[in-house]
Amino acid sequence: MARTEEPGVALTVNGRPVRIAGDPDRPLLDVLREDLGLKATRFGCGQGTCGACTVVVDGEAGLSCDLPLGELEGARIETAEGLLSDPPHPLLDAFLARQAGQCGYCLPGILMAAKALLETEPAADRRRIAEALDANLCRCGAHHRILDAVEQAAREMAGAT
Amino acid sequence: MPGNPPAPLNDAPLLGDWVAVDAGITFYTGRVELGQGNLTALAQMAADELGVAPEAIALVPARTDRTPNEGYTVGSMSVSQGGQALRWAASALRHLILRAAAQALSPRPELAELDIVEGAVLRDGAATGLTAAGLAGRVDLSAQIADHARLRRPEERRARDLPRIDLKERLTAAPFVHDMERPGMLFGAPVHPPHMDAALMSLDLDALARRSGVVEVVRDGSFVGVLATSPLAAQRAGEWARAQGDWASDTAEVGDPVGAIARSEAPAETVFETGSFNRNDGDWHEVEVSRPYLFHASIGPAAAVALWEGDAVTVWSQAQGVFPLRKAIAMALRKPEDQITVIHRPGAGCYGHNGADDAAFDAVLMARAVPGRPVKVVWSRADEFRAAPMGPAMVTRVRALLGPERRIKAMDIVVNSPPHAHRPSAGGTPNLRAAAYLADPVPPAPSKDIPATRGGGADRNAVPGYDVGNVRVRKRLVYDLPYRTSSLRSLGAFTNVLAIESCIDEIAARIGEDPFAFRLRHLEDPRARAVLERLEEETRAARAADMPEATGWGLGFARYKGSSGYCGVLARVELDDQIRVTDAVAVADIGEVVSPDGARNQIEGGIVQSISWTLKEAVQFDGAAVADNSWLDYPILRFSEVPRLRVDLIDRPEEAPLGAGEISQGPTAAALANAVRQAVGVRVTRLPITRDAVIAALSA
Ligand code: FES
Ligand code: FES
């Protein structure tokens with residue numbers, strides 16, 4: 001429960017409640033990386049145009065460079081670090097198994113965009129997955145493997161339920 | 001001795017240059033991970049040669065205070081050269097371990113009876129109770145590698161895919177130089193002038209120093225840097241300063257850079273000539289193609305950390321060459337190299353000489369103002385587009401003479417291009433951006449490009465791989481454009497392969513011959529033929545079944561640099577409200593394949609990047625400065641635009657391993673241009689091949 005008399009903004013990050021004080025205009029990306037040390041969320045452009053900073057906010061993909069802290073009271077945030085559960089999230093396994101990536105700078109954002117998609121549309125096909133990832137750029141050209149990996153994770157997640 | 005030692009051993013001939021033994025066995029490489037998994041392949045090569053599991057060794061990437069100096073990790077040579085060097089070192093280590101084993105065993109065995117398998121010393125295949133790790137401490141690391149290396153036979157090696165050693169942390173953790181944390185760290189943002197020769201006319205440095213979170217403003221000549229207590233404060237102050245600042249430059253405007261390059265009358269150098277060019281009559285076919293300036297456009301902007309302690313500075317950098325960067329910093333600061341240490345840390349994907357070195361120098365300049373405190377610099381997206389070197393625009397003209405029996409009798413190629421390679425410390429100057437406008441400036445000497453003997457720069461792959469008898473290649477380096485250019489993946493090969501393959505395709509279409517058959521009639525090299533034959537066979541059914549309106553298949557082929565990997569690409573495009581690439585199939589021969597999936601990954605990545613270059617990308621200028629500030633100004637290929645993709649490798653375990661990272665750029669561009677030509681009947685020769693460009697070509 002958020003106690004409004006305390007300063008700062010109350011959030012849940014990867015299941016852990018946190019309270020963040022300071023400039024409410026700060027983007028969530030900065031809060032995650034600098035205040036919480038969650039550095040898998042990457043700075044790519046800070047302009048909302050590359051997707052490297054994508055996280056899941058209340059179940060939907062969001063660009064953390066473009067989300068001011070002040071608007072996030074009570075929000076549930078998930079980052080790529082949260083995929084290191086036990087057992088690891090099927091998306092993580094699929095990306096590793098398929099060597100879906102090269103430099104990997106784009107990948108945490110892509111993982112989170114894919115997670116948000118598969119949780120709302122578990123039966124998303126390849127075309128739909130590609131569309132949902134269109135806000136995420138990858139310069140190494142690993143797209144095709146990334147799509148394979150998301151499809152594989154979708155199958156595994158469907159099988160597990 | 002197994003042939004000549006690989007070049008990296010010349011300056012680092014001792015076992016101890018490459019290996020240390022303490023708690024375990026550690027190998028040192030002068031190469032770095034550029035995001036393609038090359039360190040995994042190198043670890044695999046060293047471990048296999050030694051006879052241990054890859055997890056049993058550590059591999060330390062380039063750092064100037066310990067590893068051998070292997071220059072840059074470029075040109076797909078990290079496996080072919082760096083890997084061979086590690087193999088030699090591992091082989092010498094194995095040999096010396098086995099010598100120690102022979103002394104320890106009784107009855108004393110012949111060396112030939114011993115081997116190391118999975119870390120255990122075996123005698124005629126049976127366990128001896130001795131291990132490589134246990135005996136490694138007895139090896140004299142001052143031994144000369146070349147005296148002891150006895151490389152395993154190719155049949156003993158196993159091509160296989162190891163999981164990337166570094167992929168998991170790239171997905172979920174903080175391995176990048178951008179992620180480094182150090183106590184007392186400050187955060188720097190550079191304020192780079194828009195042109196290399198620009199002078200800072202006005203910027204209110206006092207107001208800048210009063211911005212929130214700013215602790216220090218550094219000015220040296222026309223370079224300004226802001227230091228702040230947080231990355232966000234640095235970023236915001238840097239943006240403010242860039243918007244406020246005013247710079248002057250004498251550089252003249254260029255209306256149409258590609259046109260200026262095409263019309264250049266700079267002297268042309270003949271870089272290759274065979275046969276004769278006395279006659280100009282006959283059935284000549286000509287195609288002239290161009291590409292615009294291109295960005296590296298890495299998803300992560302350049303970053304670095306620097307720390308000054310007394311006279312010494314340590315730099316953590318994503319640069320492709322830590323030793324050349326050290327030299328460049330020494331030149332720019334007029335400081336001895338031994339006071340500078342450069343340690344590699346990963347950055348986002350690197351496709352050539354981008355802003356990494358410049359950002360490292362920015363960090364050095366800013367950290368100098370706060371000795372004892374580490375300073376991290378992360379460029380803004382606008383810096384990444386506007387301050388980093390670009391891949392130069394190019395114009396290549398190919399003329400081919402069709403002779404009797406519909407055979408090409410001669411090819412005459414002219415390449416016009418600003419220079420490509422302009423790397424830090426090459427040519428006697430630092431070639432670091434800020435160095436050009438310090439109070440005590442060290443501006444870059446003009447690049448000489450790369451000579452043909454080293455694979456060529458602008459003229460890379462300008463010599464056709466076809467057997468046509470008479471060939472002349474001329475290169476015209478164009479120096480009078482104001483834009484900063486250097487090496488971008490595959491250098492001139494992208495445009496030259498596009499040009500040659502466009503001309504070949506044009507002639508095949510003109511005489512109504514199948515593009516595979518026409519090429520095969522001009523190829524004797526059995527490896528080249530095998531690649532094309534395999535590609536033809538694999539795609540025959542699909543090509544035969546398919547030919548709706550405005551759809552085309554196109555072929556592109558080249559052997560990279562004329563001496564490296566062979567790659568053929570077949571692409572299918574559909575034109576409707578946009579140009580859609582639906583399929584791309586590639587066949588490649590990269591000699592011995594160390595890690596098949598890793599190699600395929602690189603070739604696939606090259607294809608996707610090349611599709612993006614060919615169909616979408618062009619740097620826009622505002623006078624002499626880059627105009628693009630964001631991804632909205634410079635779109636690249638997105639997920640829903642990526643085709644179905646398949647890459648097949650022809651494994652040749654008996655051949656030397658060749659790089660895979662750059663071989664698909666040119667063939668892909670050619671395949672696309674030829675596919676569009678087949679789909680609509682006209683050729684777009686000026687990249688990018690956009691829908692508008694196709695419409696313009698149709699109505700021309
Ligand atoms: S960093 Fe947020 S979209 Fe690029
Ligand atoms: S893997 Fe490098 S940007 Fe996507």
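How much area do domain 1 of chain A and domain 2 of chain A bury between them? They bury about 1200 Å², 56% of it on carbon and sulfur atoms. Buried area here is the accessible area (1.4 Å probe) that two parts lose on being put together, summed over both. Arg42(A), Thr54(A) and Ala80(A) supply 33% of the area that domain 1 of chain A buries against domain 2 of chain A, more than any other three residues.

This is a predicted model, in which local features need pLDDT of at least 70 and side-chain atom pairs count only at pLDDT 80 or more, while totals for chains, interfaces and linings use all residues. Residues are numbered from 1 along each chain as its sequence is written, chains are lettered from A and ligands numbered from 1 in the order in which they are written, and side-chain values use heavy atoms, with hydrogens and water left out.

## Within chain A

Chain A is assigned domain 1 (9-81) and domain 2 (83-157); such bounds come from an automatic or database domain assignment. The C-alpha centres of these two domains of chain A lie 20 Å apart. In the contact (heavy atoms within 4.5 Å), 18 residues of domain 1 of chain A meet 13 residues of domain 2 of chain A.

One salt bridge is found across this interface of chain A, the term meaning a side-chain nitrogen of Lys or Arg within 4 Å of a carboxyl oxygen of Asp or Glu. There are also eight residue pairs in polar contact between domain 1 of chain A and domain 2 of chain A (both at pLDDT 80 or more). A polar contact is a pair of N or O atoms within 3.5 Å; within protein, one must be able to donate a hydrogen and the other to accept it, and residues adjacent in sequence count only if both atoms are side-chain atoms. On the side of domain 1 of chain A that touches domain 2 of chain A, strand S3 (54-57) and strand S4 (60-63) of chain A each supply at least two residues. S3(A) gives the largest share of that side, three residues. Helices (H or I, at least four residues) and strands (E, at least two) are DSSP runs, numbered from the N terminus.

## Within chain B

Chain B is divided into domain 1 (8-158), domain 2 (177-249 + 297-387) and domain 3 (394-420 + 457-699). The C-alpha centres of domain 1 of chain B and domain 2 of chain B are 38 Å apart, and each of the two domains gives 14 residues to the contact. The area buried between domain 1 of chain B and domain 2 of chain B is about 1300 Å², with 62% from carbon and sulfur atoms. In domain 1 of chain B, Leu34(B), Thr64(B) and Tyr72(B) lose the most area to domain 2 of chain B, together 45% of what that side buries. Between these domains of chain B the count is zero salt bridges, but three residue pairs are in polar contact (both at pLDDT 80 or more).

Thr64(B) is also one of the contacts of Arg326(B), leaving aside neighbours within four places in sequence. Arg326(B) is found in helix H10 (residues 322-333) of chain B and counts as buried at 17% relative accessibility. Buried means under 20% relative accessible area, exposed over 50%, and partly exposed in between (1.4 Å probe, protein chains only).

## Between the chains

Chain A and chain B bury about 4500 Å² between them, 57% of it on carbon and sulfur atoms. Here 51 residues of chain A are in contact with 58 residues of chain B. The interface of chain A and chain B holds seven salt bridges and 29 residue pairs in polar contact (both at pLDDT 80 or more). Helix H5 (143-160) is among the helices of chain A that each supply at least two residues of the side touching chain B, and H5(A) gives the most to that side, with five residues.

## Salt bridges

Over all chains, the whole structure has 63 salt bridges. Some of them are listed below.

| Pair | Closest N to O |
|---|---|
| Lys115(A) and Glu78(A) | 2.3 Å |
| Arg236(B) and Asp23(A) | 3.4 Å |
| Glu604(B) and Arg145(A) | 2.7 Å |
| Asp449(B) and Lys475(B) | 2.7 Å |
| Glu536(B) and Arg540(B) | 2.6 Å |

Glu604(B) lies in helix H16 (residues 596-615) of chain B and Arg145(A) in helix H5 of chain A, so the pair joins two chains. Glu604(B) is buried at 7% relative accessibility, and Arg145(A) is buried at 5%.

Glu536(B) and Arg540(B) are four residues apart in helix H15 (residues 526-545) of chain B, so about one helical turn separates them. Glu536(B) is buried, with a relative accessible area of 17%, whereas Arg540(B) is partly exposed at 45%.
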